Structure formats: C-alpha cells, structure tokens
Amino acid sequence: RPPFLVRARSWPGSLWARRGFRVALLTVLVLRVALGLFAALALAIDPHLGPIGTWASTATSSNPLWGITLEPWQRFDALWYQHIAAAGYSTSGLNIYGGAFCPLYPALIWLGGHLLGSDAAAALLIATAAYVGALWLLYDLCVAQIGRAAAERTLLFLVLAPAAFFLLAPYTEALFLLESVAVFALARKQRFLLAGLVCALAITTRIQGVVLLPPLALFILLARRSRSDLTGRVLPAWSVIGQLAEAMAPGAAALAVMTVAYHAAGLGLGPISAEALWGVRLTAPWVVLQDSILAIKSGHHVQEIFNLAAGLLLLASLPAIWRRLPAPYFLYALLSAAAIWCHEGHYSPLMSAMRFSTVVFPAFMVMGFAVRGKALTRRLSVALAATLVLCFFWYVHSSPLTPI
C-alpha cells in the first residue's frame with residue numbers, strides 16, 4: 001500500500017489515542033446534547049415567541065427538526081452574524097450597525113451555509129468544532145504548564161462557567177478561544193510566525209484579538225533571553241527585531257485590510273465606529289464600577305449582577321496568574337480585563353463581561369491549579385453548573401431588553 005494510504009487509515013485511531021482530543025470531543029458532545037435537550041424542554045414547558053434580535057427572520061426554517069434544534073440558540077448577535085453571512089455589510093438602514101461585527105465568522109457561516117443548506121446550522125457546527133479544538137489545545141497546554149490533574153480541573157471549571165453556553169452558541173466565543181489558546185501553544189514552541197498568523201485570524205474574528213499581540217511579542221523577548229542564557233552570549237538585536245516584525249506583520253496587515261475594507265463600504269473604522277453607534281463608550285474603570293452598582297440598585301438590570309461578579313473575579317485572578325504562570329499569560333489576562341473594564345455597554349455598564357471573561361483562559365488555569373481536593377472540586381462544580389443552567393435558561397427566554 002502507498003504510505004499515504006497507510007497514514008490515512010491510521011489517522012483516526014492515532015487521533016482518538018490522544019487523551020486531550022478524547023476529553024474535548026466527549027465533553028463538547030455531552031454539553032451540546034444536554035443543553036440542546038434542556039432548551040427544547042424549557043421552550044416546550046414555557047413557549048417563547050421565537051428568535052430574539054434585529055434579524056429574527058434569518059432563523060426561520062420550514063424544517064421542524066431545524067426549528068427545534070436551532071431556534072433556542074438564535075438570540076441577539078447570533079442573528080447579526082447570520083444576516084451578515086447572507087447579505088454582507090452595507091450602510092442601508094440598520095445594516096450600518098453590522099460594522100461592529102468582524103468578518104471571519106460570518107464568512108465561515110456563508111461557506112458552511114452553502115454546504116449544509118442552512119446558515120444557522122453552519123453557525124452552530126462551526127462553534128461546536130471550534131469548541132472541541134479549543135478544549136483540546138487548552139488541555140495539552142495546561143498539561144505542559146500545570147500538570148494533568150490541574151488541566152482536567154481547568155477544563156471542568158471552564159465548561160461549567162456561568163456563560164460557557166456561549167461557547168456552544170452561534171457566537172464568536174468558541175472560535176476566539178481556539179485562536180487565543182493556539183497563539184499561546186504555538187508561541188510556547190517558538191513557532192512565532194504561525195502564532196502571528198493566528199493572531200491575524202483572531203483580529204478578524206473579534207477586534208479584541210489585538211490584545212494577543214503584546215503577549216506574543218513578550219514570548220519572543222523571553223525566548224531571546226532564554227537562548228542567551230543557554231549559549232552564554234547575547235543574541236543580536238536585529239534577529240529579535242526580525243522575529244518581532246515577522247510575528248506582528250500578519251496582525252497589522254489584518255487590521256489594515258479590515259480598516260480599508262470597512263471604510264470603502266462606508267462603515268468608517270468598522271468596529272470602532274460601529275461601537276459608538278451602539279452606544280458603547282470608553283470609560284474609566286472606577287466609573288464603570290460605580291455605574292454598574294447603580295444599575296443593579298435600580299432593579300432594571302438584574303443580569304448586571306452576573307457581569308459584575310465575572311468582572312471582579314477576573315480582576316481577583318490577576319495576582320494568582322502573575323505568581324503561577326509565565327508573564328505572557330498575565331499580560332493577556334490584564335489586557336483582557338482592561339478591555340472589559342474600560343468601556344460601558346449600551347444596555348448596562350458591564351454588559352457581556354460574563355461572556356468576554358469566559359475566554360480569558362489563564363484565569364481558569366490558576367483556578368484549576370488552586371482548587372484541589374475532590375470535595376471542594378465537586379462543590380464548586382455543582383455551584384457553577386447550577387449557575388450555568390440558570391443563565392442558559394435566561395438566554396433561551398431572553399427578551400430584547402435583557403441580554404446577558
């Protein structure tokens with residue numbers, strides 16, 4: 001037999017033999033089925049009007065099975081991604097608000113929709129595949145960094161986080177988590193050019209992908225110092241500058257191309273301009289905290305309690321990340337926290353903080369490292385799972401005035 005046929009036949013078995021892949025695949029499949037059944041049951045007991053968001057018509061389907069499977073996930077931004085995949089970007093009417101959404105995920109939905117015959121199904125399939133890949137890479141990264149037991153707890157706490165259902169929803173969370181972990185996994189192996197290319201993909205997934213560039217640069221600088229220590233001589237500065245330029249160039253090019261494309265389409269600076277249309281504004285962290293507390297006291301933003309708790313827990317994890325993990329992990333977590341705490345949302349001050357903090361994987365790594373003992377792990381897992389179910393029920397039965 002030709003060698004490539006032998007390798008092709010053995011590939012599924014060798015893939016299944018990897019513990020990280022098995023853990024990731026089985027975890028995501030169980031969560032997909034369990035939350036899907038829960039959503040269908042919740043809507044059967046307490047019927048809902050249907051998809052919620054600006055482009056609710058994009059989720060309609062004549063196939064009853066598609067409706068039961070897909071409709072519970074069609075909320076808010078999920079409909080925007082589907083609309084952009086179907087109609088593209090434009091400045092007519094409400095379309096101008098679509099500039100807040102980066103193009104990679106809608107492009108993948110467009111491609112998958114042509115293959116599957118349903119943009120909604122493609123969006124869920126992409127999120128599911130990205131979630132498997134993200135957990136697989138994260139497991140392997142954690143095993144190398146903090147050990148197998150802590151790696152398994154890291155994944156457990158991540159998948160049971162209150163907003164972890166967004167990793168299964170047709171949002172960019174799973175794809176962005178996959179890209180973020182991939183950047184660290186590649187940089188740790190000093191494959192800086194590939195890490196830079198993945199950074200570019202992350203930027204085209206969510207504009208917050210720019211926070212991956214400084215940690216990547218720090219990986220390069222630390223690698224130079226470690227090589228200097230090993231050889232006993234200082235490596236020339238030009239070699240490091242070349243590596244930095246090589247790693248940063250794809251991300252800079254992605255930003256430039258997106259900016260030119262958005263401007264040509266009449267969308268200004270794209271996400272930056274559109275965020276202002278949505279009512280999002282830069283604000284000092286202490287002002288955000290004050291406004292968040294006031295919003296909770298008003299009684300009109302109950303979901304803000306979860307967002308405030310998530311934002312504060314992320315801040316509280318920073319000292320542990322600094323002590324336990326290499327500096328690039330801390331820098332990524334710090335910049336991610338700054339992105340959450342330095343702007344106010346249009347519905348509530350810390351709107352989506354719970355969702356954004358879920359992809360800051362170093363916080364879960366130190367949590368997996370610090371929480372030990374079966375009893376404590378079990379209690380924490382039960383508490384997280386209960387909160388996850390509550391928040392997912394809220395998402396399924398949400399209204400335009402109560403996004404998480």
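Helix α14 buries Glu-304, Asn-307, Leu-308, Ala-310, Gly-311, Leu-314, Ser-317, Leu-318, Ala-320 and Ile-321, where buried means under 20% relative accessible area with a 1.4 Å probe, protein chains only. This is a predicted model, so local features need pLDDT of at least 70 and side-chain atom pairs pLDDT 80 or more, while totals for chains, interfaces and linings use all residues. Numbering runs from 1 along each chain as its sequence is written, and side-chain values use heavy atoms, without hydrogens or water.

Who does the covering? Here are some of the elements over those buried residues of α14:

| Element | Residues |
|---|---|
| α13 | 285-298 |
| α15 | 327-341 |
| α16 | 353-357 |
| α17 | 361-370 |

Helices here are DSSP runs of H or I, at least four residues, and strands are E runs of at least two, numbered from the N terminus. On length, α14 (residues 304-324) behaves: at 1.5 Å a residue its 21 residues should span 30 Å, and the end C-alpha atoms are 30 Å apart. The expected span is 1.5 Å times one less than the number of residues. There's still a kink of about 30 degrees at Leu-318, shortly before Pro-319; the bend is the angle between axes fitted to the seven residues ending there and the seven starting there.

α14 also gives the most to the lining of the second largest pocket, eight residues. Of the 21 lining residues, Ala-310, Leu-313, Leu-314, Phe-364 and Met-367 lie nearest the pocket's centre. Two or more lining residues come from each of α14, α16, α17 and α18 (374-396). A pocket is an open set of points on a 1 Å grid over the protein atoms alone, with protein on both sides within 12 Å along at least five of seven lines, and lining residues have an atom within 4 Å of a point.

Terms used
Buried < 20%, exposed > 50% of the residue type's maximum accessible area, 1.4 Å probe, protein only. Contact = heavy atoms within 4.5 Å. 1 Å grid on protein atoms, 1.4 Å probe; cavity = no way out; pocket = protein on both sides within 12 Å on 5 of 7 lines; lining within 4 Å.
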